[in-house]
Amino acid sequence: MKWLPSFGFRRRKRELQEELDAHLQMAIADRVARGETAEAARTAATREFGNIPLVQDVTRQMWGQGWLEHLGRDVRYALRQLRKSPGFTITATAMLAVAICANSTVFSWIDGTMLRPIPGARDMGDLVSLQRGERNFSPTPPFSYLDYRDLREQNHSFAGLLAYHNDWIALTGGAQPEPVYIANVSANYFDVLGIKPLLGRFFMPGEEARAIPNVVLSYSLWKTRYGKDPAIVGKSIEVARHPVTVIGVAPEGFIGAAPGLRDDLWVTLNPLGTDVWRMTHRNADWLIVIGRLRPGVSRGQAAQNLNTLMHHIVAAYPDQHLGDNRITLDPMSRSPFGVNGYMAATLPILLAFAGVVLLLTSANVATLTLVRFVSRRRELAIRQSLGANRIQLVRQMVMEGALLSIVAGAVALLLTSWTSKTFAWFFPANSIPLILNGSMDLKVVIGIAIISMLAAMLCGALPAWRSSQAPAAEVLKAESASISGGSRNRKLLSGLVVAQIALSLPLLICSGLFLRTLRNLATANPGFDQNHILTASVGLNIAGYSNGEAQLIRHKILDRVSALPGVKVATLTDWIPMTLIQKRCDAYPEGYVPHPHESLLVEDAEVGPRYFESLHIPILEGREFTLNDNEKAPRVIIVDQTAARRYWPGQDPLGKRLRVSGSLFTVVGVARNSTHTFVNESPEPMVYMSIFQHPGNETIVQVKTDGNPVDLAPAVENAIHEIDPRLPVFDVRPMRESTQMASSFAVIESTLAGMFALIGLVLAVTGIYGVVAYRTQLRTHEIGVRMALGASRIDVFRLVLSQGLWLTGIGLALGLAVALGLTRFIDRLLYGIGANDPITIVSVVILLGAMSLLACYLPAHRAMRRNPVTAIREL
Amino acid sequence: MSEKDQYKNRIELLQGTLDMLILQTLQWGPQHGYGIVQALRLQSGNVLQVETGSLYPALHRLERQGWVQSEWKQSESKQRARYYRITARGKKQLASDLGRWERIVEAIGSVMYVKPKESES
């Protein structure tokens, strides 16, 4: 180890040499003095002295520094060995680097999303997410302010409970209004999360429910819109055309409490005093609540505590708490709010796939290593008989594997610093303020180190230990190359090949299932026609218009856009299906008595006239909305088939009434079911209301055209700006693009599984090729003899081929058993195909079998073509 | 088993005894490795032939434990050699080694030379 300050060590080494030399000289001198000749004295003294390097070696061990020297020597030896076979070194390093990178990439995604749900927050493990009622993907905010306040003040399990509500709003006051994502938060929000302000202060407890227009800016907004103005605190800015005062700036990196979503600014719950209704009604559920557990309190205890409190609240206010009121707690990594619910369903499975790839690669490298060791067995035997002990040999061989893995780990580290950033590529343009990226922090680096160590153990130590077991004398005696390192090594080699095939088969089957799922999703009929549709969001609700003004503008927009050339149908909506955005509300059918804990949530959308026409959703009974369904007309509602069957089974739903947010709506139509979020969802009841009677939070212009919807975009934007140039228009894109969001997780799954399976296929096929070719080469002599004794070429061909096919057959059988046991874990990610789909399984088995056959055919063909005479000569 | 392992085992077997013998030899004055081998051989009447593979590890270990010190000096025959000298701690160690040795010899002796007891029946 040259870089060590081993000055003293080297001096001592020299002195030891000198000391032993002096011993020898004195012994010679004594013998000469006794009358022996100089020559005889030297020979005798040397023989008497013994093995000088060995004496040096055992003496040095007494210095207590021996291991360091050994390590240095082993590293140098290993480097020399690796340099001697660059082909092996480069192949093995590259394969390991790819396999480690696959693992660390997926892990960095998990780390960046599930493991760091709230960047910047203190002691994330103590934070839990509260859900009330039904559990599903992306539920609506579950708590009203008064309920939240009671829970916060009466519980004894939490160090703090915070609440927030996210919404879009427009930053006005500039040349163009800018839509930003805002959060109404409880006063203790930053405190419970453990965030300290970068500038200014955060909210005071007394400000929570009062109309004080204060705002906290996120670091990125402060940077991009206000140029990092150091004097921003105290300045007034305009939000939705209301002046508000900046009181603080959040630190860099903190983006809010909803995992994966980016907040731009924070205000208190009712900063303008305009939201009195939702501050004072227990049936106004609009808050998402996160708690920090007291030290020593478990999630279960806290849930029990909250449920007891909730029980009292429900008993006191039964009318405001219909439906399911049970509270459940989740760790932030699995919080249903934000994106982690989706992540938790996808990423761990991909990590398991990557783990299989790593195992496969290690088995492959172990095969190569073993082959190398077997061909070096003469060298190893000679060294062993010259005094190297087995531990030492094994250590040196393991060192080769360790070096490979360390280099591969370093390469993987470099690769991962790039691949971890690719996660965001999988998500199409969308209207969600998504912040999704892998992270390259210490955890990932440590993960890579651990993975590399595992790989080193698997592909270095195992073959080293096995090949060191051959008795030195036997190996040296055996002159012929036909003993291929003993039958034990042969068995290990075969075992490794079988393992590679058995591991790659499930990978291939899963990726086949994922790919077919993706195709099924793409070709599935969502129940609506999304072709030739353009959607554009108008920042009507966020820009600070009154309800009356907004309705007027909506009418104007419809008029103008309908009149544009090329527009077949123009309508309005507040929701686009299959964008991962879900809206829900409580709907109480008149006269319907819910069971205890029955959820009365339905999905809802507020749509304009001709909405169903524009999407080709048939109205099965009744009619669709018209311009006349406005605020002056009686409230009307359209339900889908699922809702109709749930509430009025066997009856005519037309004319029935539903109570939604305090008003009674009469059913005027039944629409055919269509996809809400995922093609493979189980249908939930859905209701549609007229946007002119019950305006939603969004206003989206939806236009059907004959041609390419993108061509219409400038005209639509112009038409809206002609009404009011200050109206923000954003997220203008074809509907087909927006709905891709629904299949983005299927795309991630099939892309990665496909890549992993390809790697697995290549590894398995090269593995079996390598082993069959190697063993055939070792048997060249034997084959020559067989042919000389009359074996035909076909016999030789069959001999070699059958050997490889046996291994393939065993591997396929094992792999099939593993696959059949494992595919049920991905069952719920599949669509339109069973987890044990026979067509996929059979075609994958045929593919892998055919590739293996080819891999065995090549060496068999070569062996058949050999000239027996030269083959016999070859040893 | 390799040669090195054999050395190691012998060191373990003889460790206490060899240390004691070396320290005893150094009682008569500083000596180099070769001198110690010769002295042990002569004093044991050619019975004890200490091998270099045992001697030098033992010397270096004794030095590390602070029981001997070494310095480079010229021998009588003008050969530069490393001389080992027993330290005060080494003398104390020698005394305790000797005590232990005597007890062992006595114990073994009493086993080996025990007179058969009279039958008690």
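The following exchange goes through a predicted model and asks what stands behind some of the terms applied to it.

Me: Why is P205(A) called exposed?

Reply: P205(A) has 9 C-beta neighbours inside 10 Å, and since a residue counts as exposed at 12 or fewer, P205(A) is placed in that class because of its neighbour count. P205(A) sits in the loop between β4 (199-200) and β5 (214-217) of chain A, where, leaving aside neighbours within four places in sequence, its contacts are A187(A) and N188(A). Its C-alpha atom is separated by 28 Å from that of K228(A), which is 23 residues away along the chain.

Me: How does the radius of gyration of chain A stand against that of a compact globule of 875 residues?

Reply: Such a globule would have a radius of gyration near 29 Å, whereas chain A has 37 Å, and the C-alpha atoms of chain A, taken along the principal axes, fill a box of roughly 130 × 70 × 55 Å. Within chain A, buried residues make up 43% of the 875 residues, and the secondary structure comes to 26 helices and 21 strands. Among contacts between residues at least 6 apart in sequence, 83% join residues at least 24 apart.

Me: How do you know where the largest nonpolar core lies with respect to the domains of chain A?

Reply: The domain assignment of chain A gives domain 1 (7-64), domain 2 (124-334), domain 3 (342-523 + 744-873) and domain 4 (533-742). The largest nonpolar core has 115 residues, and those with the most contacts inside it are L162(A), V215(A), I637(A), V687(A) and V701(A). Strand β2 (residues 158-172) of chain A provides the largest share of this core, eight residues. Because domain 2 and domain 4 of chain A both give residues to this core, it lies between them. Not counting residues up to four places away in sequence, V701(A) touches several residues, among them T535(A), I557(A), L572(A) and V716(A). A second, separate core of 102 residues includes V357(A), L404(A), A757(A) and A871(A).

Me: What describes the relation between domain 3 and domain 4 of chain A?

Reply: Their centres, taken over C-alpha atoms, are separated by 54 Å, and the contact takes nine residues from domain 3 of chain A and 12 residues from domain 4 of chain A. On the side of domain 3 that touches domain 4, the residues divide into six nonpolar, three polar and no charged.

Me: What makes β1 and β2 of chain B the edge strands of their sheet?

Reply: The open sheet of three strands has the order β1-β3-β2 (chain B), with antiparallel pairing, and β1 (31-32) and β2 (68-74) of chain B are its edge strands, as each pairs on one side only. For two strands to pair, at least two bridges are needed; β2(B) and strand β3 (residues 80-86) of chain B pair over seven bridges in the antiparallel sense, and the criterion is therefore met. One of the bridge partners in β3(B) is R80(B), which faces Q74(B) in this pairing.

Me: Which parts of chain A supply the side that touches chain B?

Reply: In the contact between the chains, 21 residues of chain A meet 21 residues of chain B. On the chain A side, α1 (7-33) and α3 (52-61) each supply at least two residues, and α1(A) gives the most, with eight residues. The residues of this side divide into 12 nonpolar, eight polar and one charged.

Technical notes. Residues numbered from 1 in each chain as written. Chains lettered and ligands numbered in written order. Predicted model: local features only at pLDDT ≥ 70, side-chain atom pairs only at ≥ 80, totals over all residues. Contact = placed C-beta atoms within 7 Å. Helix = DSSP H or I, 4+ residues; strand = E, 2+ residues; numbered from the N terminus. Nonpolar A, V, L, I, M, F, W, Y, C, P; charged D, E, K, R; others polar. Buried ≥ 20, exposed ≤ 12 C-beta atoms within 10 Å, placed from the backbone. Rg over C-alpha atoms; globule rule 2.2 N^0.38 Å. Core = buried A, V, L, I, M, F, W, Y, C linked by C-beta atoms within 7 Å. Domains from an automatic or database assignment.
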